[in-house]
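Here are some short exercises to work through with the structure in view. Try each task yourself before reading its solution.

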Amino acid sequence: MQDADGGAGAVVAFEHVTKRYPGSDQPAVDDLTLTVPAGEICVLVGPSGCGKTTTMKMVNRLIEPSDGRITIDGHDVTDLPAVELRRRIGYVIQQVGLFPHLTIGENVGVVPRLLRWSGARIAARTDELLELVGLPAAYRDRYPNELSGGERQRVGVARALAADPPVMLMDEPFGAVDPIRRERLQNEFLRLQRQVRKTIIFVTHDVDEAIKMGDRIAVLQRGGILAQYDTPAAILAHPTSEFVERFVGADRGLKRLSLARVRDLDLLDPVVVHAGEDRAEVRRRLDRTEALDFALLVDDGDRPLGWIDAGDLAGSGTIDPDAATPGAPTVQPETTLRDALSALLASSVQLGVVVDAEERVIGLVSVDAIGDRMRAPVTTADPSLGEPRIAEPEAAEA
Ligand SMILES: Nc1ncnc2c1ncn2[C@@H]1O[C@H](COP(=O)(O)OP(=O)(O)OP(=O)(O)O)[C@@H](O)[C@H]1O
Ligand SMILES: [Mg+2]
């Protein structure tokens with residue numbers, strides 16, 4: 001797909017960064033060294049108070065390090081003028097933090113206004129960004145309290161993207177929304193990231209979110225010590241310390257299901273039917289498939305309505321939409337297999353309908369297909385990118 005946003009990411013590097021707050025003998029961040037490759041999402045995860053927000057705020061100099069340095073594409077952030085730094089770094093703060101007295105359009109345009117863009121350019125950029133995050137252009141003139149929590153979250157992302165920064169800092173960006181909406185927002189965000197390819201530092205305290213969102217995960221422990229920095233797969237397969245092992249949890253096997261997405265599976269083709277189609281014809285199509293005992297009823301926009309059991313297709317006449325059993329779980333290509341599995345196990349038909357961003361059917365996923373995928377191999381990241389302070393990984397598991 002065409003890069004919708006023009007900007008590619010930049011390399012962000014922490015070199016022996018330490019932060020000591022006045023009056024505290026223990027550092028909040030202790031000798032942190034890690035490199036985030038351009039265009040990747042690095043998730044900082046760890047218990048409360050372990051220094052995640054401090055680490056993040058040193059990147060855009062809301063906090064100055066006591067020691068060490070942070071570079072963006074090789075430039076020390078302390079050498080960059082503040083305006084230049086703001087242009088290069090988008091920031092999504094915890095709880096979104098939209099300005100309540102500004103309209104959505106004015107909120108999105110905050111940084112471009114600071115950069116003294118023309119009104120016409122800001123207006124055009126605002127429209128473009130609202131479309132990019134999937135909000136109607138008419139939202140421009142609304143106020144934040146006229147939006148749902150998930151919509152506000154998208155405005156927060158649009159605002160951070162406004163000046164097309166190569167780097168984005170996101171502090172618990174989806175912390176305030178309910179689990180179902182969060183799953184959707186995560187998927188949307190991953191889809192957006194495939195287009196914009198920013199370098200993202202993403203803070204969460206939720207291990208499952210870290211595994212889903214991160215190309216790499218930095219696990220921090222109290223005192224701002226980097227316990228492990230690696231791909232989600234490597235961290236789950238080979239936690240390098242007891243702390244990391246405890247932190248990622250006892251259900252590591254199940255968590256590994258979060259590493260693969262629905263889009264990684266070979267999807268089944270459903271037998272798709274519309275109201276008014278000939279029953280005998282649908283019966284013949286179902287007979288030709290081996291795997292399916294159900295046809296999937298869809299509306300005029302190809303959105304799923306429910307299942308029709310082969311047994312209910314006897315006789316002649318046309319398909320009656322009321323005969324469909326509603327409640328087919330829908331998943332998206334970005335849904336993790338772990339989330340897909342929970343959705344499927346909760347439904348009577350153990351098939352999920354895979355839909356695109358417009359809710360149109362693209363295929364089916366089965367519990368068996370997810371089971372097959374559980375035995376996929378694990379990859380390890382380039383160890384030169386970070387310097388974990390604790391023991392090296394042990395020999396690979398069988
Ligand atoms: N302005 C400050 N002055 C003094 N100490 C601070 C300040 N800000 C944070 N700290 C301390 O530094 C440590 C790290 O704080 P930080 O906010 O970075 O943690 P965090 O990992 O983001 O935690 P949470 O998950 O709760 O948001 C904590 O012990 C905190 O009390
Ligand atoms: Mg914090």
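**Exercise 1.** In this predicted model, sort the residues that line the largest cavity into nonpolar, polar and charged.

*Solution.* Start with the result of the sorting: nine lining residues are nonpolar, and there are no polar and no charged ones. Now check this against the names. The lining is made by Val 45, Val 207, Ala 210, Ile 211, Ile 217, Val 219, Ile 235, Phe 247 and Val 248. Ala, Val, Ile and Phe each count as nonpolar, so the names and the sorting agree.

**Exercise 2.** Which helices and strands supply at least two residues each to that lining?

*Solution.* Look along the chain for the elements concerned. They are helix H8 (207-213), strand E9 (216-221) and helix H10 (242-248). Next, ask which of them gives the most. That is H8, with three residues.

**Exercise 3.** How many cavities of 30 Å³ or more does a search of the whole structure find, and how much space lies in the largest?

*Solution.* Begin with the idea behind such a search: rolling a probe the size of a water molecule over the atoms shows where empty space is left. Here the search finds one cavity of 30 Å³ or more. The space in the largest cavity is about 50 Å³.

**Exercise 4.** Describe the surroundings of ligand 1, then find polar side-chain atoms that lie close to its oxygen atoms, using a cut-off of 3.5 Å.

*Solution.* First, list the shell: Tyr 21, Ala 28, Ser 48, Gly 49, Cys 50, Gly 51, Lys 52, Thr 53, Thr 54 and Arg 222 surround ligand 1. Second, sort this shell by class, which gives three nonpolar, five polar and two charged residues. Third, turn to the distances from a polar side-chain atom to an oxygen atom of ligand 1:

- Lys 52: 2.7 Å
- Thr 53: 2.8 Å
- Thr 54: 2.5 Å

Finally, consider how much of the ligand is covered. Ligand 1 taken alone exposes 640 Å², and the protein buries 57% of that.

**Exercise 5.** Why can the protein chain be called as compact as a globular protein of its length?

*Solution.* Start with the elements: the chain has 14 helices and 16 strands. Its radius of gyration is 24 Å, close to the 21 Å that the globule rule gives for 398 residues, so the chain is as compact as a globular protein of that length. To complete the picture, the C-alpha trace spans about 80 × 60 × 35 Å along its principal axes.

Key
Residues are numbered from 1 along each chain as its sequence is written. Chains are lettered from A and ligands numbered from 1 in the order in which they are written. This is a predicted model: local features need pLDDT of at least 70, side-chain atom pairs count only at pLDDT 80 or more; totals for chains, interfaces and linings use all residues. Side-chain values use heavy atoms; hydrogens and water are left out. A residue is near a molecule or strand if one of its heavy atoms lies within 4 Å of it. A polar contact is a pair of N or O atoms within 3.5 Å; within protein, one must be able to donate a hydrogen and the other to accept it, and residues adjacent in sequence count only if both atoms are side-chain atoms. Accessible areas come from the Shrake-Rupley method with a 1.4 Å probe; for residues, only the protein chains shown count as cover. On a 1 Å grid over the protein atoms alone, a cavity is a set of points where a 1.4 Å probe fits but cannot get out, and a pocket is an open set with protein on both sides within 12 Å along at least five of seven lines; lining residues have an atom within 4 Å of a point. Grid points are joined across faces, edges and corners, and a volume is the space filled by probe spheres set on the points. Helices (H or I, at least four residues) and strands (E, at least two) are DSSP runs, numbered from the N terminus. The radius of gyration is taken over C-alpha atoms; the globule rule is 2.2 Å times the number of residues to the power 0.38.
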